Number of protein chains: 2
Amino acid sequence: MSNRLLVAKPRDRIEDLYRQIQKAQATDLKALGVGELLGELYAECIAVTGGYRRVPLATAIPGKTYFAFENRTGKISRAVNSDLYKPDLEAWDRFFTALRAQELSDLTDSSITQVVYSAAISFCAVIDLTRQGDQKTPGTYFEYLIGHLFASRLGVNPSTRLPILNLDMSGNLPTDYIFDLGANRPKYHLPIKTSTRERVIQVWAHQRVLDGVYGTGRFLGTPVVMAETKNAQRTRTVTEICLPLQWRLYQMHISQLKRVYYLDIPAAYAALTNEFPPIHVRPFGLFFLEAEELAKT
Amino acid sequence: MSNRLLVAKPRDRIEDLYRQIQKAQATDLKALGVGELLGELYAECIAVTGGYRRVPLATAIPGKTYFAFENRTGKISRAVNSDLYKPDLEAWDRFFTALRAQELSDLTDSSITQVVYSAAISFCAVIDLTRQGDQKTPGTYFEYLIGHLFASRLGVNPSTRLPILNLDMSGNLPTDYIFDLGANRPKYHLPIKTSTRERVIQVWAHQRVLDGVYGTGRFLGTPVVMAETKNAQRTRTVTEICLPLQWRLYQMHISQLKRVYYLDIPAAYAALTNEFPPIHVRPFGLFFLEAEELAKT
């Protein structure tokens, strides 16, 4: 399996920008420079995906339509939600300007979700069509993107390990991104996944370890997920893989997540907000509008 | 990625036996016939691996030595523990005869562990060297092998879903193998993995869901793992990836596993038996000698 991008100008540029982001985020994830690089990368991805054909995908999911990008060999990308995909660099700039100024109230949560989804899915689609079997790069990119946005909104960089000092035990606990807002304020526990499937139980389990080691209520679990879509390459049909009964059992018996944010939110999970006890599954754009509220309730 | 075996007589026979086991176990995992097919498959794997060269692997793990099988293209298999690997069909037959008669007290736990390890690792090595990037077949085979042995020892077949009837909720919970010994007796919860790494938290989390939904103490969590070795193809060096501090936190804060059984037990985990509170990490062979005891304590 070769993970090297094909030799072609815009793809070289994408590879180069990805490496720059990788380097810059390691020093300072919330830096303005990381956001600028993410914007440049998005622009390149729009240029590359503009050269692909769009093929409609069949789906039985009510109220959603999907397409895929297709390259010259007939290979198709992952599913792209037609209503969410709006490649628009001006919308990206408006969002980032508002984010930098922390003046987000003029934006709607759906417009923010569209901006983030469009950037994320266009990079993932380019990787799908230029690298063979590379699942890792889209996942890592998505962590940088969401991590940068979260860090920018909260104004602090995350850590990925916490000290354990527990009577006769000591050491460090490796974690997903943890954002520490300081004394007497909540800490955010932010797992980031392009999709969850049966691995999602890890998110509740990690939350439980944090609750157990440091005390219940100190960490707000707010995982961010791109989508739960799966498209069959052969039949060109999109399905969503959802396990709402399991989620309810995890929320009741393992730990309590504060929110689960999605870019392309599955209806079966959105409905959990209306069950009792509820699981608050929301579009990711809403985080930017409710972040302060979240820390108080 | 092609998963088809190369066309060669013994390999065709291995593919054919694997498919027969797959079919037979779906109807009756503990059937004598499944054990006989597993024995035939083991014999074929000994024949195939006998044709490979054995190359020593470097390792810094104290007290263990490893080698790998190497095919004609210079590709090497996963690491094989030299002390545990004893390809011996007579030892296999002695174990199975004792298992069928439930008269295991003349065997030692280390001799049983050797028999099971030798069968498991020889199949995995053949797949490593005949299929490109196939991680799934060794994992599925290992489930059949361990599942058959567990079912034979307990005398019941497992299920992989449990009914949920919880006030206003109803449905089925998909699970790893669950062995139900009947009223007033424990049920065994048996996750089976060729290695665990960071995914191991799922085992404790699933145990917690069972404890929460059905009551603590009703299910004995007894995962079975092959090894935690990782060998670098280039440097030909074996390392063990162990997270003992995390395991202790999971056992304290998520749920309590009754045993963790290994074929090639890592020293860092075996040592957890001597910590307080202990996690009982044991060689798999011991299960066959302590199964009755386990259900009482």
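Q: How do you know through which surface the copies meet?
A: In this predicted model, 100% of the interface residues of chain B are also interface residues in chain A, so the two copies meet through the same surface.

Q: What relation do chain A and chain B have to each other, and how do you know?
A: Chain B is superposed on chain A by a rotation of 180 degrees, with 0.0 Å of shift along the axis and an RMSD of 0.0 Å. This is the relation of a two-fold axis.

Q: How many residues of chain B and chain A are in contact, and what makes a residue count?
A: A residue counts if it has a heavy atom within 4.5 Å of a heavy atom in the other chain, and on that basis 25 residues of chain B are in contact with 25 residues of chain A.

Q: What area is buried between chain B and chain A, and which atoms give 72% of it?
A: The size of an interface is often given as the accessible area lost when the parts come together. Here the area buried between the two chains is about 2,300 Å², and carbon and sulfur atoms give 72% of that area. On the side of chain B that touches chain A, strand E4 (159-166), strand E5 (169-180), helix H6 (201-214) and helix H7 (244-253) each supply at least two residues. H6(B) gives the most, with eight residues, and by class this side has 13 nonpolar, nine polar and three charged residues.

Q: How many salt bridges are there between chain B and chain A, and what would make a pair count as one?
A: A pair would need a side-chain nitrogen of Lys or Arg within 4 Å of a carboxyl oxygen of Asp or Glu, and between chain B and chain A the count of such pairs is zero. Two residue pairs are, however, in polar contact between these chains, both at pLDDT 80 or more.

Q: Why is the pair A:Lys64 and A:Glu240 called a salt bridge?
A: The closest N and O atoms of A:Lys64 and A:Glu240 are 2.7 Å apart, and because the cut-off is 4 Å, the pair meets it. The pair links distant parts of the chain, 176 residues apart, with A:Lys64 in the loop between strand E1 (53-59) and strand E2 (66-70) of chain A and A:Glu240 in strand E11 of chain A. Over all chains, the structure holds 34 salt bridges.

Q: How do you know whether chain A is as compact as a globular protein of its length?
A: The secondary structure of chain A comes to nine helices and 13 strands. Its radius of gyration is 19 Å, close to the 19 Å that the globule rule gives for 297 residues, so chain A is as compact as a globular protein of that length. Its C-alpha atoms fill a box of roughly 60 × 45 × 40 Å, taken along the principal axes.

Q: What makes the peptide bond from A:Phe276 to A:Pro277 and the phi of A:Arg236 worth pointing out?
A: Most residues other than glycine have a negative phi, and most peptide bonds are trans. The bond from A:Phe276 to A:Pro277, by contrast, is cis, with omega near -10 degrees, and A:Pro277 is found in the loop between helix H8 (267-270) and strand E13 (281-283) of chain A. In chain B, the bond from B:Phe276 to B:Pro277 is cis, with omega near -5 degrees. A:Arg236 has a positive phi of about 55 degrees although it is not a glycine, and its place is in the loop between strand E10 (229-231) and strand E11 (237-240) of chain A.

Key:
Residues numbered from 1 in each chain as written. Chains lettered and ligands numbered in written order. Predicted model: local features only at pLDDT ≥ 70, side-chain atom pairs only at ≥ 80, totals over all residues. Heavy atoms only, no water. Buried area = accessible area lost by both parts, 1.4 Å probe. Polar contact = N/O pair within 3.5 Å; in protein donor to acceptor, adjacent residues only side chain to side chain. Helix = DSSP H or I, 4+ residues; strand = E, 2+ residues; numbered from the N terminus. Nonpolar A, V, L, I, M, F, W, Y, C, P; charged D, E, K, R; others polar. Least-squares fit on C-alpha atoms with pLDDT ≥ 70 in both. Rg over C-alpha atoms; globule rule 2.2 N^0.38 Å.
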